[in-house]
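Trainee: I should like to go through this structure with you and ask, for each term applied to it, what justifies the term.

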Amino acid sequence: MNVPQAIRNMRGPGQLVLQWQDGEHSLSHARLRGACPCSQCRAARLQGGISLVRDDVRVLQIEPQGYGVQLVFSDGHERGIYPWAYLHDLIAQS
Ligand SMILES: [Zn+2]
């Protein structure tokens, strides 16, 4: 499986930097919050309920979960576990 070699959380600019074999890629914290894969957020997106994500939302904590990372956001949301493949897809789409 494609697993990043390193992850760096840059709270100032709000970027999560992932070091993959093919180089370094970053995802903004707001983008990650908007793409939260938890069941609650998925359901909201499927129903077309696009919740507004504040630009200044930040990732406060990264909890390794083996197959990915759980992200704890500054708005209190911490249900999303982002599998590596999902993060890779988000980067590919950006
Ligand atoms: Zn969520």
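Mentor: Let us begin with strand β5, which is mostly covered, since six of its six residues are buried. Please bear in mind that this is a predicted model.

Trainee: Why is Gln 70 called buried?

Mentor: Gln 70, which is found in strand β5, has a relative accessibility of 17%. Buried means under 20% relative accessible area, so Gln 70 at 17% counts as buried.

Trainee: What surrounds the side chain of Gln 70, and how do you know that it makes a polar contact?

Mentor: Leaving aside neighbours within four places in sequence, Gln 70 is in contact with Gln 61, Ile 62, Glu 63, Gln 65, Glu 78, Gly 80 and Ile 81. Its side chain reaches the backbone oxygen of Glu 78 at 2.7 Å. A polar contact requires N or O atoms within 3.5 Å, and the 2.7 Å of this pair satisfies that limit.

Trainee: What makes β5 and β6 a pair of strands?

Mentor: Two strands pair if there are at least two bridges between them. β5 and β6 have three bridges, in the antiparallel sense, so they meet the requirement. Within this pairing, Gln 70 stands opposite Ile 81 in β6.

Trainee: How do you know that β4 and β5 pair as well?

Mentor: The same test applies: at least two bridges are needed, and strand β4 (residues 59–64) and strand β5 (residues 68–73) share five, again in the antiparallel sense. Among the partners, Ile 62 stands opposite Leu 71 in β5, and Pro 64 has Val 69 of β5 as its bridge partner. The hairpin of β4 and β5 has three residues between the strands, and there Gly 66 takes a positive phi near 80 degrees.

Trainee: Let us turn to the metal. Which protein atoms are the donors of the zinc ion, and what qualifies them?

Mentor: The donors are Cys 36 (SG), Cys 38 (SG), Cys 41 (SG) and His 77 (NE2). A donor must lie within 2.8 Å of this metal, and these atoms lie 2.1 to 2.3 Å from the zinc ion, so they qualify. Along the chain they follow the spacing C-x1-C-x2-C-x35-H.

Trainee: Why is the zinc site called tetrahedral?

Mentor: Four donors count as tetrahedral if all angles lie between 85 and 135 degrees. The angles among the four donor atoms of the zinc ion are 104 to 116 degrees, and the site is therefore tetrahedral. The ideal angle for four tetrahedral donors is 109.5 degrees.

Trainee: Which of these donors are buried, and how do you know?

Mentor: The limit is again under 20%. The relative accessible area is 6% for Cys 38, 13% for Cys 41 and 11% for His 77, so these residues, among the donors, are buried. His 77 is found in the loop between β5 and β6 (81–83). Apart from neighbours within four places in sequence, its contacts include Cys 36, Cys 38, Cys 41, Arg 33 and Leu 71.

Trainee: What can be said of His 29, and why is it called buried?

Mentor: His 29 lies in helix α1 (residues 29–34). Its relative accessibility is 0%, and since the limit is under 20%, His 29 counts as buried. The side chain of His 29 makes a polar contact with the side chain of Asn 9 at 2.7 Å. A polar atom of the His 29 side chain also lies 3.4 Å from the backbone oxygen of Gln 15, which is within the 3.5 Å limit.

Trainee: Which residues stand out in the largest nonpolar core?

Mentor: That core has 20 residues, of which Leu 18, Leu 27, Leu 32, Leu 71, Phe 73, Tyr 82 and Leu 87 touch the most other members. The elements giving two or more residues to the core are β2 (15–20), α1, β5 and α3 (84–93), and α3 gives the most, with four residues.

Trainee: What makes Leu 32 a buried residue, and which residues does it touch?

Mentor: Leu 32, in helix α1, has a relative accessible area of 0%, and because buried means under 20%, Leu 32 is buried. Not counting residues up to four places away in sequence, Leu 32 touches Leu 16, Leu 27, Leu 71, Phe 73, Tyr 82, Leu 87 and Leu 90.

Definitions and conventions. Residues numbered from 1 in each chain as written. Predicted model: local features only at pLDDT ≥ 70, side-chain atom pairs only at ≥ 80, totals over all residues. Heavy atoms only, no water. Buried < 20%, exposed > 50% of the residue type's maximum accessible area, 1.4 Å probe, protein only. Polar contact = N/O pair within 3.5 Å; in protein donor to acceptor, adjacent residues only side chain to side chain. Donors = N, O, S within 2.8 Å, 3.2 Å for Na, K, Ca; no water. Tetrahedral: all angles 85-135°; square planar, octahedral: opposite > 155°, others 65-115°. Core = buried A, V, L, I, M, F, W, Y, C linked by side-chain atoms within 4.5 Å. Contact = heavy atoms within 4.5 Å.
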